[in-house]
Structures are given as C-alpha cells and as structure tokens.
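Me: I would like to go through this structure by asking why certain terms are applied to certain residues and elements. Please set each value against the cut-off behind the term before you conclude.

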Amino acid sequence: MYKTAALLFLSVTVLVSCNQNTGAADDDGLAAFSADSMKAHIAMLASDSFMGRKPFTIGETRTIDYLQHEFAAAGLEPGNGTSFLQDVPMANLLATAAPSMQVQTPKGNFDLKAPDDYIIWTNKTDSNIVVDKADLVFAGYGVVAPEYNWNDYAGIDVKGKIVIVMVNDPGFWAGDTTLFKGKTMTYYGRWTYKYEEAARQGAKGCLIVHNTVAASYPFSVPQNNFNTTKLQLDNRGKDIKNSDAIGWITEPAANRLFAAAGFDSTLLVKANQRGFKPVPLNIKVSTSMKVKTEYNKSYNIIGKITGTKHPDEVIIYTAHWDHLGIGKPDETGDSIYNGAYDNATGTAGLLELARAFKSMKTKPERTIIFLCVTAEEQGLLGSAYYAQNPIYPAAKTLANINMDGLGRFEKTKDIIVVGEGQSDLEDYLKEAVEKDSGYISFEPHPEAGSYYRSDHFNFAKAGIPALYIETGIDVVGKGKEYGKQLGDTYTSKNYHRPSDEFDAATWTMEGGIKDLKLLFKVGKRLAFQEKWPEWKNGSEFKALRDKK
C-alpha cells in the first residue's frame with residue numbers, strides 16, 4: 001500500500017512538474033484570435049489608399065502610422081527604446097550598363113549583347129564602373145564550404161578578375177545525395193551567396209550561368225530588371241566588400257566563351273566533382289556602367305511584451321509590411337499592387353499574435369518581439385538591417401518565426417514547413433499540429449531554395465534558428481488537388497500583380513487563423529521552456545550559432 005501510494009505521489013509530482021514546464025495552460029491566449037479582426041486589418045493595409053505600401057512613398061507613411069497605432073492599441077510596448085520605429089537607411093541605385101561586353105580571345109574577338117546574352121549591375125555607389133580587359137576564370141559553383149570539404153577557389157587568386165560560376169549546388173546537377181544536400185538547395189546554391197563569396201575572394205566581377213531548372217525561373221526574370229533601380233542598405237562608412245560588376249549570363253553565351261577558350265560543356269560537368277580546381281580561360285572582357293545613387297530611409301516597426309522572468313531573452317515574430325506600390329497597369333487598367341496576400345496577411349497575423357500574447361493569463365517568461373520589416377520585396381533589406389543592427393542581441397534571441405502569406409480560405413489538415421531538417425522549431429511545430437490532428441508537410445520543390453527567400457533567412461545567417469511556413473494544400477473536406485489548384489491560381493494570376501487584392505466575399509481567413517494558432521503555440525512554448533532550440537546537424541547555419 002505504501003509503495004503504491006508513493007508511486008502515485010511520484011507520478012502526480014512528475015505530471016505537475018511537466019505541466020509547470022509548459023508555463024501556461026494549452027488554451028491560454030487562443031480565444032483572442034479573430035478572423036474578423038484579421039480581415040479588417042488586411043482590408044485596410046491592402047486598400048487602394050495605402051497605394052501598394054512601397055517604401056519612400058505616401059503609402060509607406062500611411063502604413064507606418066497605422067501599424068504604430070495598432071501596436072499601441074494592442075497594448076505593446078515600444079520595441080526600440082521609447083519608439084516603435086527603427087530607421088533603415090537605404091541607397092537607391094540606378095546602374096546603366098553599356099550595351100555590350102567586348103571579348104578578347106586567342107581565337108579572335110567578339111561582343112556579347114546586353115540584355116540578350118547577359119545582364120549586369122553593381123552594388124557599388126561609384127559613379128563610373130569600368131571593367132577593362134579583366135581576365136575570366138571559371139570557378140565551378142563559386143562555393144567555399146568547409147563543412148562539405150568543398151572549395152571552388154582553391155589554389156587561385158581571382159583579385160581583379162571576373163569569375164563565371166554555376167547556379168545551385170553540386171548535388172542538384174550530379175544527382176548525388178552525398179554532395180551537399182542532393183537536390184535540396186543550400187544557401188551555397190543561392191545567387192546572393194555566390195556574389196558575396198566572389199567579393200570576399202576579391203573578384204572584380206561575378207557572372208552566374210543561368211539555367212531555368214536550376215534557378216527555378218526563366219532568364220526573363222532577371223532580364224526584366226536590367227538597367228532598373230535597385231534598393232540596398234546604405235553602407236557608407238562600413239567595410240562592406242562588393243565586386244564591381246555582378247550579374248547573369250545565358251547558357252549559350254557562356255558556352256560561346258568556353259568554346260573560345262578551347263573547352264566544351266564537359267567543363268561544367270567536371271565542376272560537380274569534389275576537388276575541382278578553377279580554370280583560367282585566357283579570355284579578357286571589357287564593359288562599363290554609369291551609376292546614380294540617392295539616399296533615403298525607411299522604417300521597421302517593432303513592439304514587445306516584456307518577459308516576466310527572462311526579459312533579456314527574446315523570441316522574434318516577423319512579417320514584412322511592404323509591397324510593390326504603383327506600377328505597370330494590368331489588363332484592367334489597375335496599377336496599384338495592393339499585396340493583400342503578400343503580405344498584408346502576414347502583417348495582420350502579427351497583430352493577431354500580439355493580441356493573443358497580451359491576453360494570456362500567465363504572462364510569457366521571455367520577451368516576445370513583434371517586428372514588421374521593410375523592403376522585403378527589394379531584397380530582404382529591412383530584416384538584413386535589423387540582423388546587422390540588432391536591438392536585441394542575437395546571442396539572446398532564441399528564435400525567429402516568420403510569416404509571408406497566410407491562408408486566405410478554409411482550414412487545411414497540413415501546414416508546410418519550408419526548409420526541411422533545419423532546426424528544432426520544425427519538431428515543435430510538428431508536435432503542435434499533431435495535437436490538433438493535423439500534420440506537417442514540406443515544400444514540394446526544395447531545389448528552388450525558398451528557405452533563403454524571405455526575411456527569416458537574415459536571422460538564420462546571424463545563427464538564430466528560424467521557422468518559415470507556407471499555407472498547406474490538404475484542404476479540409478476538399479483535398480490536396482483543390483488546395484494545389486488554389487496555390488497555382490494565385491501564382492499564375494495574382495502573385496506580384498494588381499489583382500492580389502482582398503476579397504471580403506471569399507477570404508474567410510480560417511486557414512490563416514489555424515496556422516497562426518500553431519505558430520502561437522510554438523512561440524508560447526519557447527517563452528517558458530528552459531531548453532533553447534538548436535540547429536540540426538547538417539544545417540549550414542549550425543556553426544554560426546555554435547560560435548556565439
């Protein structure tokens with residue numbers, strides 16, 4: 001009898017202890033979520049009066065004013081001292097490239113034509129960029145990845161030279177799962193990384209060989225941005241390495257260069273082999289650009305709920321508030337790119353999360369940060385600036401949870417995790433969704449590198465475990481094919497078009513609210529549990545966290 005009672009007491013004690021580790025009741029805060037409230041925020045943010053929410057416009061001013069008011073109304077504290085704003089200084093560059101690139105080879109000279117054969121631009125603010133008879137080097141994938149025992153720059157000095165590199169990862173082309181992550185793109189496969197690495201190596205320029213399958217979009221996508229303005233962070237006074245000229249080159253044009261150097265397409269195949277050495281092509285190229293630069297600033301909006309026990313430790317929820325503003329009219333004559341799904345839904349979701357956390361009976365032990373970032377559409381600039389100039393140190397930041405498009409219609413059984421196998425946050429989400437009789441699924445095209453294309457990526461680069469989700473496709477009562485069709489229709493007819501507008505008659509936001517509750521549960525768990533989430537073995541970001 002005594003043993004039975006003792007075991008019973010021990011079991012109850014363990015159970016109570018486990019429940020105390022959750023910090024708050026499972027349903028604490030959930031009742032605050034409201035589809036009607038969320039729809040009202042979306043309707044406002046995506047209205048024509050907000051003019052597409054582009055930085056440096058009246059639309060930005062109205063967006064900033066609205067979000068500051070709503071943060072205060074939700075009971076949030078200012079997240080940057082006494083202010084809800086973080087200034088984001090930016091530079092607006094217009095690089096106008098010469099119409100051709102002169103190529104000198106031992107077999108004769110010829111010109112490549114822009115933008116048919118290649119496009120270039122610069123991240124430098126010098127008024128005149130000149131490439132004068134620069135040597136060309138084929139540098140494989142342009143990757144230096146010690147954890148994969150891979151160095152495409154081994155044994156060569158590329159200072160002052162132009163490197164030509166391939167898009168994506170070795171594993172994608174070789175079909176070898178032992179190379180990097182096989183078909184799944186890593187950060188090393190992203191074009192942004194390749195330009196960054198070329199600059200670190202001292203290269204004067206970097207041209208990526210375009211391939212539609214490997215890049216996941218046709219050459220017309222970068223081609224459409226030739227000789228157009230580009231925003232970037234204002235890096236005056238900082239030691240930021242940039243190459244003079246960066247861009248893309250078509251496969252036919254690249255093959256023409258290789259042929260002129262005495263190589264054929266097998267040169268690209270050799271780059272898939274471990275131990276590949278960069279190849280000087282004995283070719284010189286010349287071209288130029290004129291650059292005009294204007295400086296201005298945009299704003300991130302940041303609010304917080306201070307933790308009761310560990311106020312210096314933070315969990316950061318993010319959503320970008322910006323869209324594309326007013327642009328080319330569509331077939332109906334509409335020129336306002338309202339960005340209702342992308343990303344008024346995520347911004348509205350941030351406000352719903354703020355209300356939910358604020359309503360909790362048991363207050364979070366860690367500080368919860370709500371961060372609306374600017375200029376995502378211009379290259380993740382607002383989140384990049386925050387990551388480089390954090391208000392809350394990365395070493396004290398447990399996690400980032402990012403929202404970029406939340407479900408407009410019915411609930412789904414699944415929720416899509418972008419970036420399979422990256423961090424413990426995936427496991428936390430899996431536990432939460434399975435308690436609701438749902439399941440997680442994964443992005444159908446990991447080779448597209450979607451994990452590196454939204455704001456959470458800048459937190460990952462700072463070593464902070466980051467979770468990014470997409471709307472599921474297994475619609476309750478209607479199935480996966482129906483859900484897939486919804487997604488395909490949005491992509492083909494509404495993505496980055498004026499038709500991305502709020503529709504009160506059809507947007508129930510039931511799916512979005514369901515997903516928000518799951519993200520809330522993940523954040524609530526982080527706010528109380530002792531253990532910090534970690535990157536998984538094999539993640540390219542694990543070493544960054546381990547250094548902190």
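Reply: Contact here means heavy atoms within 4.5 Å. This is a predicted model, and by that cut-off asparagine 343, with residues up to four places away in sequence left out, touches Arg53, Ala319, His320, Met403, Asp404 and Gly405.

Me: Why is asparagine 343 called buried or exposed, whichever applies?

Reply: The relative accessibility of asparagine 343 is 0%, and buried means under 20%, so asparagine 343 counts as buried. This residue is found in helix H10.

Me: What makes the link between the side chain of asparagine 343 and the backbone oxygen of histidine 320 a polar contact?

Reply: The side chain of asparagine 343 reaches the backbone oxygen of histidine 320 at 3.1 Å, and the definition asks for a pair of N or O atoms within 3.5 Å, one able to donate a hydrogen and the other to accept it.

Me: What is notable about the peptide bond that joins aspartate 342 and asparagine 343?

Reply: That bond is cis, with omega about 10°, and the peptide bond from alanine 114 to proline 115 is also cis, with omega near 0°. Proline 115 lies in the loop between strand S4 (108-113) and strand S5 (118-121), whereas asparagine 343 is in helix H10. As background, most peptide bonds are trans.

Me: Why are H3 and H10 described as roughly parallel to each other?

Reply: The axes of helix H3 (residues 58-73) and helix H10 (residues 340-359) come within 10 Å and cross at roughly 20°. Angles under 35 degrees count as roughly parallel, and H3 and H10 are therefore roughly parallel to each other. Their crossing is right-handed, and in it Leu67, Glu70 and Phe71 of H3 meet Thr347, Leu350 and Leu351 of H10.

Me: Why, then, are H10 and H15 called oblique?

Reply: H10 and H15 pack at an angle of about 50°, with their axes 10 Å apart. Roughly parallel requires an angle under 35 degrees and roughly perpendicular one from 65 to 115, while angles over 145 are roughly antiparallel and the rest are oblique, so H10 and H15 are oblique to each other. The crossing of H10 and H15 is right-handed, and the residues that meet are Gly349, Glu352, Leu353, Ala356 and Phe357 in H10 and Leu516, Phe520, Gly523 and Lys524 in H15.

Me: How do you know whether serine 216 is buried, exposed or partly exposed?

Reply: Serine 216 has a relative accessibility of 35%, and the class between buried, under 20%, and exposed, over 50%, is partly exposed, so serine 216 counts as partly exposed. Serine 216 is found in the loop between helix H6 (212-215) and helix H7 (220-223).

Me: What does serine 216 contact, leaving aside its neighbours within four places in sequence?

Reply: Serine 216 is in contact with Asn211, Ala448 and Arg453. The side chains of serine 216 and arginine 453 are joined at 3.3 Å, which can be set against the limit of 3.5 Å for a polar contact. The C-alpha atoms of serine 216 and glycine 449 are separated by 8.8 Å, although these residues are 233 residues apart along the chain.

Me: What is said of phi in leucine 380 and in histidine 496?

Reply: Phi of leucine 380 is near 60° and phi of histidine 496 is near 55°, each a positive value in a residue other than glycine. In general, most residues other than glycine have a negative phi. Leucine 380 is in the loop between strand S17 (366-373) and helix H11 (381-388), and histidine 496 is in the loop between helix H14 (479-493) and helix H15 (510-528).

Me: Why do leucine 380 and histidine 496 carry the accessibility terms they do?

Reply: Leucine 380, at 10% relative accessibility, falls under the 20% limit and so counts as buried. Histidine 496, with a relative accessible area of 24%, lies between 20% and 50% and is therefore partly exposed.

Conventions
Residues numbered from 1 in each chain as written. Predicted model: local features only at pLDDT ≥ 70, side-chain atom pairs only at ≥ 80, totals over all residues. Heavy atoms only, no water. Helix = DSSP H or I, 4+ residues; strand = E, 2+ residues; numbered from the N terminus. Buried < 20%, exposed > 50% of the residue type's maximum accessible area, 1.4 Å probe, protein only. Axes fitted to C-alpha atoms, helices over the stretch in contact; angles between N-to-C directions. Left-handed = near helix turned anticlockwise from the far one by under 90°.
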